[in-house]
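Reader: Before we look at particular residues, I would like to learn how to read the features of a model like this one, with the rule behind each term.
Author: Then let us look at it together and take the features in turn.

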Amino acid sequence: MKKSGKETKEMKGMKWYILLIAAVASVPLMTDYVLEGSCLEATLSRIRVISQGLGTVFPIRVGTLGNMDYGYSAAAFQADVFYLIPGLLHFLGVGLGEAYKLTLLLFNLLTAAVACRCFEKCTGRREVGVVGGMLYTWCPYRCSEMYLTGDLGEMAAWTFLPLLALGMKLLYTEDREGGAGSALEYGRLWVLLTWSFSLLAVSSTVFLFLAVAVTVLVLAAMGRETIKRRTLVVVGKTVGAVLAVNAWFLVPMLLRMRDVSVVGPMILQDVRSRGMYIAQYFTVFSWGGDGVLLGENGMYKARAMGPGIAVILILLFYLWILFARGREERWRRVVYGSTEGRFAGRMLCVSAALMLFSLNAFPWDIFQDKNMVFSIILALLYSPAKLGIAADMGLIVTACILLGRFAEVMEEKSYKLLLLAVACVSFGTTQFLLGKILTTQNFVRQAEIEAFGNVPFSLVTEESIIWRFCEAVSVAALFVCGIMWIMRRRKSAS
């Protein structure tokens with residue numbers, strides 16, 4: 001079907017917005033040095049060993065260094081799929097630092113594109129999709145993770161987290177019991193959810209656990225909506241497909257976790273000191289920090305971990321609407337009296353729960369030693385503050401859905417001014433944060449980078465029969481998914 005001239009013009013405009021969003025987030029990459037993140041040395045070392053292993057072993061798996069700290073031992077439980085991008089660039093002759101920075105630039109572009117598209121589909125409004133792409137790509141927590149941590153796997157996972165948010169939203173707002181067409185489309189949601197979980201799984205184990213935690217909380221928060229037959233069918237298909245498609249990675253990971261010598265050094269001794277302060281979610285101007293361990297210095301030199309003040313202001317306005325009386329009744333009816341509005345309210349509750357779990361005031365130490373499995377999960381998360389990533393995602397999704405609902409109440413001119421104000425606040429605070437990061441963070445010059453990435457990682461060259469069997473299962477699952485996709489395309493065309 002040929003697109004109209006208006007649609008073509010809007011798509012071109014969206015591309016320019018995506019480039020602008022990615023360019024703003026990539027300002028620290030436009031330098032002749034690399035910012036020294038806490039995981040930078042491990043990241044560069046993994047890129048180097050993967051580039052050396054290209055063509056010798058497949059799939060590429062980085063070996064275990066269980067006696068080292070986070071960023072080293074965690075690599076034993078992470079897939080290296082997206083490290084193939086800088087690994088290939090380095091293999092082709094691109095410098096180690098340039099390959100790393102080009103990959104981050106690519107992730108910024110992909111994140112902006114995915115976020116804009118997902119928030120557009122969440123709200124049905126292209127302008128909200130653009131603003132949502134800004135809020136998410138410029139999220140202070142994401143920017144600090146990119147430039148103060150430097151874990152490429154986690155940055156790849158940030159790219160695909162909006163897909164999970166879109167899947168969760170459609171799971172509860174799409175028509176389940178309507179006509180044949182709507183019911184059929186609802187039944188296909190497992191494909192989107194499977195892609196979401198699979199891309200997160202091969203990006204970062206931390207984000208995989210975050211995705212599972214968010215999903216469990218959302219399923220619980222939706223109450224009776226969750227136990228409807230069609231919803232349970234979609235959830236069941238998603239679980240089965242995710243396990244089958246990712247068996248090549250998940251099963252070896254679980255087998256490695258049986259080794260006490262690998263898992264033992266990762267067990268956290270002081271969990272609560274790695275949590276956040278509630279004030280970090282409400283910081284107006286985020287300062288560039290150099291650590292997430294808050295036990296000794298409090299918030300002094302703490303990293304930015306909030307969703308951004310623009311998001312917080314939208315949510316505060318939403319709470320004012322809910323509890324105000326009189327002329328705000330129409331706002332409350334339009335914003336909260338709809339399926340999307342009710343979902344936004346439930347997501348806000350889920351985000352509040354995740355915020356609570358991410359705090360250093362939450363008594364994680366009481367539960368840590370009660371169960372070995374629970375201790376391992378906390379170790380793989382490394383820090384309760386990581387739950388703040390999921391909390392920020394939920395807050396941004398809620399804010400974007402509310403922005404979409406505000407269009408039903410406000411005049412067009414006032415609504416456009418609101419979106420412009422949100423974009424300007426987000427842009428201004430992001431520039432402040434990136435400026436502080438550039439002026440306060442340590443850096444490594446290009447001439448020093450080659451000597452910087454020297455962690456002695458090794459490739460896994462011998463795989464057991466179980467691993468090979470799991471790889472065959474994943475290949476078969478992908479083949480079946482491909483056949484189903486082709487059949488659907490042919491059916492749609494006919």
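The dialogue below goes from the chain as a whole to burial, charged pairs, aromatic rings and surface.

Reader: What kind of model is this, and how are its residues numbered?
Author: This is a predicted model, in which local features need pLDDT of at least 70 and side-chain atom pairs count only at pLDDT 80 or more, while totals for chains, interfaces and linings use all residues. Residues are numbered from 1 along each chain as its sequence is written, and side-chain values use heavy atoms, with hydrogens and water left out.

Reader: How many helices and strands are there in the protein chain?
Author: Helices (H or I, at least four residues) and strands (E, at least two) are DSSP runs, numbered from the N terminus. The protein chain has 22 helices and two strands.

Reader: How much of the chain is buried?
Author: Buried means under 20% relative accessible area, exposed means over 50%, and partly exposed lies in between, with a 1.4 Å probe and protein chains only. Of the 494 residues in the protein chain, 55% are buried. R46 in helix α2 (residues 40-53) counts as buried because its relative accessibility is 3%.

Reader: Which side chain does the side chain of R46 make a polar contact with?
Author: A polar contact is a pair of N or O atoms within 3.5 Å; within protein, one must be able to donate a hydrogen and the other to accept it, and residues adjacent in sequence count only if both atoms are side-chain atoms. The partner of R46 is the side chain of Y83, at 3.4 Å.

Reader: How should I read contacts between parts that lie apart in sequence?
Author: Contact means heavy atoms within 4.5 Å. Among contacts between residues at least 6 apart in sequence, 81% join residues at least 24 apart. L459, in the loop between α21 (446-452) and α22, offers a case: its C-alpha atom is 4.7 Å from that of V62, although the two residues are 397 apart along the chain. Leaving aside residues up to four places away in sequence, L459 touches V49, G53, V57, I60, R61 and G63. With the same neighbours left aside, T238 in helix α11 (residues 229-245) touches W190, L193, T194 and F197, and T238 is buried, at 6% relative accessibility.

Reader: How many salt bridges are there, and where do they lie?
Author: A salt bridge is a side-chain nitrogen of Lys or Arg within 4 Å of a carboxyl oxygen of Asp or Glu, and by this rule the count comes to eleven. One of them joins R117 and E120, at 3.6 Å from N to O; these residues are three apart in helix α4 (residues 96-123), and are therefore separated by about one helical turn. R117 is partly exposed at 45% relative accessibility, whereas E120 is buried at 12%.

Reader: Which salt bridge links distant parts of the chain?
Author: K386 and E154 meet in a salt bridge at 3.0 Å, N to O. This pair links K386, in the loop between α18 (372-381) and α19 (387-406), to E154 in helix α7, 232 residues apart, and both residues are buried. By contrast, K416 and E412, whose closest N and O atoms are 3.3 Å apart, both lie in helix α20 (residues 412-440), four residues apart, and both are exposed. A network of salt bridges links R61, R468 and E471.

Reader: How is a pair of aromatic rings described?
Author: A pair of aromatic rings is described by the distance of the centres and the angle of the planes. Rings of Phe, Tyr and Trp (its six-membered ring) pair if their centres lie within 6.5 Å; planes under 30 degrees apart count as stacked, over 60 as edge-to-face and the rest as tilted. By this rule there are 14 aromatic pairs. The rings of Y141 and W158 have centres 6.2 Å apart and planes at 55 degrees, so this pair is tilted. Y141 lies in helix α6 (residues 140-148) and W158 in helix α7 (residues 152-173), so the pair ties together parts 17 residues apart in sequence. Y141 is buried at 3% relative accessibility, and W158 is buried at 1%. F119, Y136, Y141, W158 and F207 form one aromatic cluster.

Reader: Which residues make the nonpolar surface patch?
Author: Patches are made of residues with over 30% relative accessible area and no salt bridge, where like charges are joined within 9 Å and nonpolar side chains (Val, Leu, Ile, Met, Phe, Trp, Tyr) within 5 Å. The patch of about 730 Å² is made by F479, V480, I483, M484, W485, I486 and M487. I483, in helix α22 (residues 465-493), is partly exposed, with a relative accessible area of 35%.

Notes:
Areas by Shrake-Rupley, 256 points an atom, 1.4 Å probe, with all protein chains shown as cover.
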